[in-house]
Amino acid sequence: DETTIVSRTFQNNTGEEVTIKEVGLYIFKSVASSNVYNSYPVMVGRKVLKIPINLADGESYTFTYKIDMSKILFEEAED
């Protein structure tokens, strides 16, 4: 199977209601420079929600993503 399921729960601790209109999925790329390692986020997916999610303060919501690896294209870049 070329799909995987990822779930992530977020809790609103801002003190007020928030509206979530889009979600993104990130991986972190590590880069070494002079024996120092830094991580940089790389977005691998983004979804604009058809219906925004409103979260009251203290409320949480779990987003579940289905990642289909068969639709990821990997080929040599042109110079």
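## The largest pocket

In this predicted model, the largest pocket encloses about 310 Å³ of space. Its lining is made up of 14 residues, and those that lie nearest the centre of the pocket are Leu 25, Gly 45, Tyr 65, Lys 66 and Ile 67. Two or more lining residues come from each of the strands β2 (18-33), β3 (36-55) and β4 (60-68).

Of the elements that contribute to this lining, β4 gives the most, with 6 residues. When the lining of the largest pocket is divided by residue class, 8 residues are nonpolar, 4 are charged and 2 are polar.

## The second largest pocket

The second largest pocket has a volume of about 240 Å³, and two or more of its lining residues are supplied by each of β1 (3-11) and β2. The residues that line this second pocket are Val 6, Arg 8, Phe 10, Glu 22, Val 23, Gly 24, Leu 25, Tyr 26, Phe 28 and Tyr 65.

Here β2 is the element that gives the most to the lining, with 6 residues, while the division by class comes to 7 nonpolar, 2 charged and 1 polar residue.

## What the two linings share

Leu 25 and Tyr 65 appear in both descriptions, since each is named among the residues nearest the centre of the largest pocket and each also lines the second largest pocket. The strand β2 likewise gives two or more residues to the lining of the largest pocket, and it gives the most to the lining of the second largest pocket.

Key:
Residues numbered from 1 in each chain as written. Predicted model: local features only at pLDDT ≥ 70, side-chain atom pairs only at ≥ 80, totals over all residues. Heavy atoms only, no water. 1 Å grid on protein atoms, 1.4 Å probe; cavity = no way out; pocket = protein on both sides within 12 Å on 5 of 7 lines; lining within 4 Å. Points joined across faces, edges and corners; volume = space filled by probe spheres on them. Helix = DSSP H or I, 4+ residues; strand = E, 2+ residues; numbered from the N terminus. Nonpolar A, V, L, I, M, F, W, Y, C, P; charged D, E, K, R; others polar.
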